[in-house]
Amino acid sequence: MLSRVARRCGVLALPVFLALAPVTLANAEAQAEAGQAEPAAVNNWHVREIDGVEYVPLEDLRSFYKLMPLQPKGRKVAGQRMLGNGEVELVFGPAPRELFIQNRLCALSHPVQEDASGDLLVSRIDVLQVIEPVLRPTYIANRRAVRTVVIDPAHGGHDTGTVTAYAREADVVLAVATRLGAELRKRGYEVRLTQEQNQYQSPQVRVDKANEAPAAIFLSLHLNSGRSDMKGAQTYTLAPCGKNEKPLPGHEFSQSSMALAMALQSAMVEKAGAVDGGCRRAHFSPLNSLRCPSVMLELGYATNPDEGTRLSSEEYQLKVVNALAEGVDAYARVMNPATVLQVQKAPVVETPPAPVKVDPAPPVKAKPAAKQAAQPRKKAARRRAPARKPARPANRRNRRR
Ligand SMILES: [Zn+2]
């Protein structure tokens with residue numbers, strides 16, 4: 001089922017058909033705050049606070065998104081809870097911060113909780129900033145068409161990034177960024193690279209280049225490092241701010257950034273064949289200050305012999321470039337305001353208008369009931385009259401004299 005959905009909707013598998021949920025765009029916009037649209041039904045949800053974090057019962061989520069509890073097809077995994085509707089599948093667990101949307105890992109910012117009756121609770125911020133923008137990207141309040149893609153090969157010059165026997169981070173990310181830029185230009189985007197010749201650029205310069213670009217998205221490219229057995233591509237967006245913290249500039253686009261992360265991460269797995277390390281959230285410095293949808297991509301581990309060697313090969317770099325370009329396209333399609341309505345416009349039939357038949361007014365009978373019924377209309381007519389007949393007050397004055 002999932003592969004069928006993925007094919008039909010492109011790499012994103014974003015179920016825009018969930019717009020059937022009883023919320024209008026106008027409602028969502030009315031409740032938007034700092035770019036974070038809130039499903040209108042949230043007011044009816046049984047929100048409760050646990051350790052200073054607001055939580056929503058899974059049952060409310062199920063009802064809002066019109067999902068059913070599902071049973072796993074294979075062996076049941078302890079601690080996992082599944083919801084779905086034949087088009088969309090959400091799997092919570094087994095780890096408390098793990099959510100799989102369409103079988104793609106989206107790490108939650110707060111662990112799911114279980115109440116005394118065994119019901120699961122999901123943090124409200126994860127519902128709004130992880131689940132909502134992936135399930136209903138067309139409801140993102142400040143979504144906008146993509147014009148510019150700012151690509152950030154994040155290391156250069158004296159800053160070589162991770163260097164192993166298998167891959168040199170600065171070289172790999174610059175090669176991928178240069179090829180990706182050329183590919184995206186071919187696809188009609190304006191492209192800006194934060195550096196093009198293996199130069200060091202300070203984080204502030206990279207942020208400024210993105211914030212100056214019109215209607216931009218920002219992709220920062222990295223290679224990961226860790227134990228030699230660790231592997232997989234990961235896509236990071238800015239972590240949410242704490243309860244009493246002031247939102248950072250990057251928080252304005254939390255929802256769009258999540259949709260972009262899902263588009264790129266899905267493409268990396270499906271098109272480039274990367275191991276799915278998931279969409280994750282963290283407070284990485286450039287993401288804090290960017291005033292546009294932005295992600296940080298760890299394309300793979302330079303420290304893993306297989307992955308590092310593969311990342312250094314031109315053949316795999318071309319696969320990554322193609323995957324990321326497809327991901328940008330998938331995101332841009334969903335962010336285009338024209339994708340809201342997918343109904344074919346009915347053809348206009350040119351026919352002359354039929355002559356309007358006017359029935360002669362029936363003779364007025366002086367019945368008391370008819371008089372009473374007619375009075376409110378007469379009053380209304382009198383109230384409207386001065387606006388249409390400015391000469392009338394003059395007549396009144398004449399009468400008084
Ligand atoms: Zn790096």
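The following exercises, each with a worked solution, concern a predicted model.

**Exercise 1.** Determine in what order the four strands of the open sheet stand, and which strands are at its edges.

*Solution.* Step 1. The order of the four strands is β1-β2-β9-β8, and their pairing is antiparallel. Step 2. Strands β1 (48–50) and β8 (113–114) each have a single partner strand, so one side of each lacks a neighbour in the sheet, and these two strands stand at the edges. Step 3. To examine one pairing, consider β1 and β2 (residues 53–57), which are joined in the antiparallel sense by three bridges. Within this pair, Ile50 has Val53 of β2 as its bridge partner. Step 4. The sheet also carries a helix: α4 (residues 124–135) packs on it and touches β2 and β9 (120–123). The direction of α4 makes about 65° with that of β9.

**Exercise 2.** State through which helix the chain crosses from β10 to β11, and give the handedness of the crossover.

*Solution.* Step 1. Strands β10 (residues 148–153) and β11 (residues 190–193) run parallel and are joined by four bridges. Step 2. A residue pair illustrates this: Thr148 stands opposite Glu190 in β11. Step 3. Between the two strands the chain passes through helix α5 (residues 169–186), and this β-α-β crossover is right-handed.

**Exercise 3.** Explain why β15 can be described as largely enclosed, and identify how β12 and β13 pair with this strand.

*Solution.* Step 1. A residue counts as buried if 20 or more other C-beta atoms lie within 10 Å of its own. Step 2. By this criterion eight of the eight residues of β15 are buried, so the strand is largely enclosed by the rest of the structure. Step 3. Strand β12 runs parallel to β15, with six bridges between them. Here His222 has Glu298 in β15 as its bridge partner. Step 4. Strand β13 (residues 233–238) pairs with β15 in the antiparallel sense over three bridges. In this case Tyr236 is bridged to Met296 of β15.

**Exercise 4.** Identify the buried residues of helix α9 and explain why they lie on the same side of the helix.

*Solution.* Step 1. In α9 (residues 305–312) the buried residues are Glu307, Gly308, Arg310 and Leu311. Step 2. These residues cover an arc of only 165° around the axis, which places them on the same side of α9. Step 3. A general rule assists here: an α-helix has 3.6 residues a turn, so residues three or four places apart point the same way. Step 4. The elements that cover the buried residues of α9 include α5, β12 (216–224), β15 (294–301) and α10 (314–335).

How values were computed
Residues numbered from 1 in each chain as written. Predicted model: local features only at pLDDT ≥ 70, side-chain atom pairs only at ≥ 80, totals over all residues. Pairing = 2+ DSSP bridges. Contact = placed C-beta atoms within 7 Å. Axes fitted to C-alpha atoms, helices over the stretch in contact; angles between N-to-C directions. Right-handed = clockwise from strand over helix to strand, strands pointing away. Buried ≥ 20, exposed ≤ 12 C-beta atoms within 10 Å, placed from the backbone. Arc of directions from axis to C-beta.
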